[in-house]
Amino acid sequence: MKKVLIVEDEISLAKVISDSLIKDGFSTVIITRGDQALDSFYTEKPDVILLDINLPGMSGWDICKQIKAISQVPIIMVTARDSEFDEIKGLELGADDYITKPFTPKLLTIKLKKIFKLENTTFFKVEGITFDFNTYKLTNPEEEYILPRREAQLLEFLLRNQNIIFSRDTLLNEVWGFEFFGDERAVDTIVKRLRKKLGPCDSYIKSVRGVGYVFKTD
């Protein structure tokens, strides 16, 4: 049974989320203060975190930043802040997804099941880099990284479809899925992070002006 840490100061909403997830086979822990989140993360060892932004004691931004500095546990930001700036900021801090309130419990369940979906072992080796989608490990000639889920999904899609140009909209549909209603710049944010981790192979993800991106090694 997967454990979900719910960090939400609106108690009634937290209980609605918790009850829905329990019915769908998850276990839950509710925390209503931001300054209790890190302690709960260490003690409860959750499989995923649902994280509000506006919290007493510590903001969701700071919690996300501190957890992602030491762990790859998936974080879904769940917030009433629906601006593009906030969504992009959440992704840049390492959040794996972003949901704006109000939302249906069904949407949340779909996102969680996608996170926990078991993947077949998939290993790629391309001129200077290796990528294991089972472990999210990316190795370039100089360093190795364990990628966050969204970066791993985008890289896998590009590797499976090398030399094909994709629009940002197509990448959103293929990687984020039908339930994503955010800005196309979310793709640019993830690509920027991937290029940094590709190191000397960063040019493999090429920008196509006015269209989108393509993965090419030549």
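Helices and strands here are DSSP runs, numbered from the N terminus, with at least four residues for a helix and at least two for a strand. In those terms, K45 lies in the loop between α2 and β3. The model is a predicted one, and the elements named below are those of the prediction.

The overall picture comes before the single residues. The protein has eight helices and twelve strands. Its radius of gyration is 18 Å, close to the 17 Å given by the globule rule for 218 residues, so the protein is as compact as a globular protein of that length. The C-alpha trace spans about 55 × 35 × 30 Å along the principal axes. Among contacts with a separation of 6 or more, 57% are made by residues 24 or more positions apart.

Burial and surface can be taken together. Of the 218 residues, 50% count as buried. The accessible surface amounts to about 10,900 Å², and carbon and sulfur atoms hold 50% of that surface. As for charge, there are 31 positive and 34 negative side chains, and the centres of the two sets lie 2 Å apart.

Helix α3, residues 60-68, shows how burial is arranged along one element. Its buried residues are G60, W61, I63, C64, I67 and K68. Viewed down the helix axis, the buried residues of α3 fall within an arc of 165°, so they line one face of the helix. The spacing has a general background: an α-helix has 3.6 residues a turn, so residues three or four places apart point the same way. What do the buried residues of α3 pack against? Their partners are two helices, α2 (37-44) and α4 (84-92), and two strands, β3 (48-51) and β4 (75-79).

Helix α2 also holds S40. The relative accessible area of S40 is 9%, and because buried means under 20%, S40 counts as buried. Leaving out residues up to four places away in sequence, S40 touches L5, I31, K45 and P46. One of these, K45, is a contrast to S40 in burial: K45 has a relative accessibility of 62% and counts as exposed, whereas S40 is buried. The backbone of K45 is also worth inspecting, since its phi is near 50°, a positive value in a residue other than glycine.

A second positive phi occurs at N163, where the value is near 70° and the residue is again not glycine. N163 lies in the loop between α6 (149-160) and β10 (166-167). With a relative accessible area of 52%, N163 is exposed. Another backbone feature is the cis peptide bond that joins K101 and P102, with omega about -5°. P102 is in the loop between β5 (97-100) and α5 (105-116).

Two further residues in helices can be set side by side. T189 lies in helix α8, residues 185-198, and at 8% relative accessibility it counts as buried. Is S12, in helix α1 (residues 11-23), buried, exposed or partly exposed? Its relative accessible area is 49%, and because exposed means over 50%, S12 counts as partly exposed. T189 is in contact with I88, L91 and E92, its neighbours within four places in sequence being left aside. For S12, a distance gives a sense of scale: S12 and T130 are 118 residues apart in sequence and 46 Å apart in space, C-alpha to C-alpha.

Methods: Residues numbered from 1 in each chain as written. Predicted model: local features only at pLDDT ≥ 70, side-chain atom pairs only at ≥ 80, totals over all residues. Heavy atoms only, no water. Rg over C-alpha atoms; globule rule 2.2 N^0.38 Å. Buried < 20%, exposed > 50% of the residue type's maximum accessible area, 1.4 Å probe, protein only. Contact = heavy atoms within 4.5 Å. Areas by Shrake-Rupley, 256 points an atom, 1.4 Å probe, with all protein chains shown as cover. Lys, Arg positive; Asp, Glu negative; His and termini not counted. Charge placed at Lys NZ, Arg CZ, Asp CG, Glu CD. Arc of directions from axis to C-beta.
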